[in-house]
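Please work through the exercises below with the sequence and the model at hand, trying each task before turning to its solution.

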Amino acid sequence: MRIGHGYDVHKLVKGRKLILGGVRIVNDMGLLGHSDADVLTHAIMDSLLGSLALGDIGKLFPDTDERYKGANSIELLRQVARLIEQRGFRIVNIDSTICAQEPKLAGHINHMRLNIARACGIDVSQVSIKATTEEGLGFTGNLEGISATAVCLVTERNVGFFGAFTGNMPFLR
């Protein structure tokens, strides 16, 4: 059983689309980045890669590589999920938080969860996405950017969830 943590931040600018969790959100400003700048999906990818000590998305999908210019981050997440599976692991759950003063995101959360779950090949019940403001404080509160954090739990494919706990503790079997 392995745990991963991810964090990402992107600057808000005019003239860009706002995409979070693979959902296009109507807004006056979008996130600046080499790809689609989907800060939520980037944090989730970093948590998954971190769980297996595989680096981060900058290592796997460098912003110096033109192949990733404007890339759809949900498609990149599919590649990360396949990599996790190829390493003999499966995703148990993902928990994430978006920090954005605006726009309000509650109406988009379920669609984001579904996009993330599909890309990872897991059930939507295994994906938690929350959104919060920072009460007008800091760069997110001042509408300068949006950040996201994510944690994930992965386990070896051939070990059940409780087997990971009881394998070294015969008294729990």
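The exercises that follow concern pockets, a surface patch and salt bridges in this predicted model.

**Exercise 1. Describe the largest pocket by its volume, its lining and the elements that supply that lining.**

Solution. Begin with the space itself, which comes to about 230 Å³ in the largest pocket. Of the 13 residues that line this pocket, His-34, Ser-35, His-42, Ile-57 and Asp-63 are the closest to its centre. Next, turn to the secondary structure, where strand S1 (2–14), helix H1 (39–51) and helix H2 (57–60) each contribute at least two residues to the lining of the largest pocket. Finally, sort the lining of the largest pocket by class, which gives five nonpolar, six polar and two charged residues.

**Exercise 2. Describe the second largest pocket, and find which element gives the largest share of its lining.**

Solution. The volume of the second largest pocket is about 160 Å³. Its lining is made up of 14 residues, and those nearest the centre are Ala-81, Arg-82, Glu-85, Cys-120 and Gly-121. Helix H3 (73–86), strand S5 (89–99) and helix H4 (109–120) each supply at least two residues of this lining, and the largest share, five residues, belongs to H3. When the lining of the second largest pocket is sorted by class, seven residues are nonpolar, one is polar and six are charged.

**Exercise 3. State which residues make the nonpolar surface patch of about 240 Å², and work out why Phe-139 is classed as partly exposed.**

Solution. The patch is made by Tyr-7, Val-9 and Phe-139. Of these residues, take Phe-139, which is found in helix H5 (residues 138–141). Phe-139 has a relative accessible area of 33%, and because the partly exposed class runs between 20% and 50%, this value places the residue in that class.

**Exercise 4. Determine how many salt bridges the model has, and for each one name the partners and say whether they are buried, partly exposed or exposed.**

Solution. The count comes to three salt bridges, and they can be taken one at a time.

- Step 1. Asp-65 pairs with Arg-67, with the closest N and O atoms 2.6 Å apart. Asp-65 counts as buried because its relative accessibility is 17%, under the 20% limit for that class, whereas Arg-67 is exposed, since its relative accessible area is 63%.
- Step 2. Arg-78 and Glu-75 join their side chains in a salt bridge with an N to O distance of 2.7 Å. These two residues are separated by about one helical turn, because they lie three residues apart in helix H3. Both fall in the partly exposed class, Arg-78 at 26% relative accessibility and Glu-75 with a relative accessible area of 39%.
- Step 3. Lys-130 and Asp-95 meet through their side chains at 2.4 Å, N to O. This pair links distant parts of the chain, for Lys-130 lies in strand S6 (residues 127–132) and Asp-95 in strand S5, 35 residues apart. Lys-130 is partly exposed, with a relative accessible area of 36%, and Asp-95 also counts as partly exposed, at 28% relative accessibility.

**Exercise 5. Find an element that appears both in a pocket lining and in a salt bridge.**

Solution. Helix H3 supplies five residues to the lining of the second largest pocket, and helix H3 also holds Arg-78 and Glu-75, whose side chains meet in a salt bridge. Strand S5 is another such element, as it gives at least two residues to that lining and contains Asp-95, the salt-bridge partner of Lys-130.

Technical notes:
Residues numbered from 1 in each chain as written. Predicted model: local features only at pLDDT ≥ 70, side-chain atom pairs only at ≥ 80, totals over all residues. Heavy atoms only, no water. 1 Å grid on protein atoms, 1.4 Å probe; cavity = no way out; pocket = protein on both sides within 12 Å on 5 of 7 lines; lining within 4 Å. Points joined across faces, edges and corners; volume = space filled by probe spheres on them. Helix = DSSP H or I, 4+ residues; strand = E, 2+ residues; numbered from the N terminus. Nonpolar A, V, L, I, M, F, W, Y, C, P; charged D, E, K, R; others polar. Patch = residues over 30% accessible without salt bridge, like charges linked within 9 Å, V, L, I, M, F, W, Y side chains within 5 Å. Areas by Shrake-Rupley, 256 points an atom, 1.4 Å probe, with all protein chains shown as cover. Salt bridge = Lys/Arg side-chain N within 4 Å of Asp/Glu carboxyl O. Buried < 20%, exposed > 50% of the residue type's maximum accessible area, 1.4 Å probe, protein only.
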